[in-house]
Amino acid sequence: MNSSSFKDGHVTSDYSSDNLCTWCDGCGNYGALGATKRALVELGLAPHQVLLCFDVGCHGNMSDKMLGYRFHGLHGRVISLASGAALANPDIPVLAFGGDGACFSEGVGHLVHAVRSNYNITFVLHNNANYGLTTGQASALTPRGEKMNTAPQGSVEETINSMDFVFSLKPTFVARTFSGDIRQMTDVLKAAVNHRGFSYVDVLQACPTYNKFATHEYLLEKCYDANAEGHDSSNFEVARKIAVDTSERIATGVLYQNKESVPFLDRIEARKGIKTRLVDEVETVDVSELIKIFT
Ligand code: SF4
């Protein structure tokens, strides 16, 4: 049994498909892929016991690089499709993977309502501060003034402070990690999957091809493990402060967790005491007589 095996004998290679990765050399997606597989194995989950949902973007190519139940959805819509799946079958852990481009522009509304609804999913933000797949366009998280392919003289739009934005929505779980620290990312992902409610995991990723401002070396130097320095992750205000202020150092680890979190389905009074899942309650209804009325 190797170091990536878990109690009933599965190993990370159980999650590996035959497809080769085609990301650029040094891309942070390699670290994210490795940490995701390790986290699932260490959680004791076999590929048939988890749902992995992918948005469109460079990271989305993970959808055929690993095994498991996978769904590669439309651009910006990964949070909504993952939330729907988790509501239908709450017995299976659901992870949603999306980039900063899609999730803070096209899909930002889904992010807002998933956080406030506290849907029971883990959302992994592949945050390389640009649209890599479409060759280096500025995203809503690109620092204003950075020269990108869509803004050769510098991006003119204000940057969304993603952590301030997420904390304004009263989240129940917020973590940040770095694609170069696979051990920490693995632990963060495990904590996120075990959380009951919406887990927001910001993965700061190197994109050596298009992001020249937050390189692997820059992130390596700036990131620190807040949990190792004694950060109390139950303190919302302190968590928000260290999450938002990245001027000197970047806090990583589980920054905030409400351990009393009650996910969406458990908040609904009408479902109390019901043993079936929504997916069990789907019925086939003959509507042919109804259709005749309109034909
Ligand atoms: Fe990775 Fe950036 Fe290359 Fe996309 S463009 S594969 S995000 S390095």
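**Exercise 1. Find the strands that helix α6 lies across in this predicted model, and give its angle to β5.**

Solution. Start with the helix itself: α6 covers residues 182-194. Next, list the strands beneath the helix: β3, β4 (122-127), β5 (173-178), β6 (199-204), β7 and β8 (250-257). Last, take the direction: α6 runs at about 165° to β5.

Then repeat the steps for helix α8, residues 236-244. Helix α8 lies across β5, β7 and β8, and its angle to β8 is about 155°.

**Exercise 2. Lay out the sheet: state the strand order, the edge strands and the twist.**

Solution. Step one is the order, which reads β2-β1-β3-β4-β6-β5-β8-β7 for the eight strands. The sheet is open, and its pairing is mixed. Step two is to look for strands that pair on one side only; these are β2 (69-72) and β7 (223-225), the edge strands. Step three is the twist, which averages 25° from one strand to the next.

**Exercise 3. Describe how β1 pairs with β2 and with β3, and name the residue partners.**

Solution. Strands of a sheet pair through backbone hydrogen bonds, either parallel or antiparallel. Begin with β2: β1 and β2 run parallel and are joined by four bridges. On this side, L52 of β1 stands opposite R70.

Turn to β3 (residues 94-99): its pairing with β1 (residues 51-54) is parallel, over four bridges. Here L51 has V94 as its bridge partner, while L52 is partnered by L95.

**Exercise 4. Decide whether the faces of β1 are covered or open.**

Solution. Sort the residues by side. L51 and C53 point to one side, and L52 and F54 to the other. Then check each for burial, taking under 20% relative accessible area as the cut-off. The four residues L51, C53, L52 and F54 are all buried, so both faces of β1 are covered.

**Exercise 5. List the residues around the ligand and sort them by class.**

Solution. First collect the shell: W23, C24, C27, C58, N128, G132, C207, P208, T209 and Y210. Then count by class: seven of the residues are nonpolar and three are polar. No charged residue is in the shell.

**Exercise 6. Judge the confidence of the model, overall and at residues 1-6.**

Solution. Take the whole protein: the mean pLDDT is 95, and 97% of the residues reach 70 or more. Now take residues 1-6, where pLDDT stays under 50. For this stretch the model has 18 contacts beyond four places in sequence.

Conventions: Residues are numbered from 1 along each chain as its sequence is written. This is a predicted model: local features need pLDDT of at least 70, side-chain atom pairs count only at pLDDT 80 or more; totals for chains, interfaces and linings use all residues. Side-chain values use heavy atoms; hydrogens and water are left out. Two strands pair if DSSP finds at least two bridges between them. Helices (H or I, at least four residues) and strands (E, at least two) are DSSP runs, numbered from the N terminus. Axes are lines fitted to C-alpha atoms, for helices over the stretch in contact, and angles run from 0 to 180 degrees between N-to-C directions. Contact means heavy atoms within 4.5 Å. pLDDT is the predictor's confidence in each residue, from 0 to 100. A residue is near a molecule or strand if one of its heavy atoms lies within 4 Å of it. Ala, Val, Leu, Ile, Met, Phe, Trp, Tyr, Cys and Pro count as nonpolar, Asp, Glu, Lys and Arg as charged, and the others, Gly among them, as polar. Buried means under 20% relative accessible area, exposed over 50%, partly exposed in between (1.4 Å probe, protein chains only).
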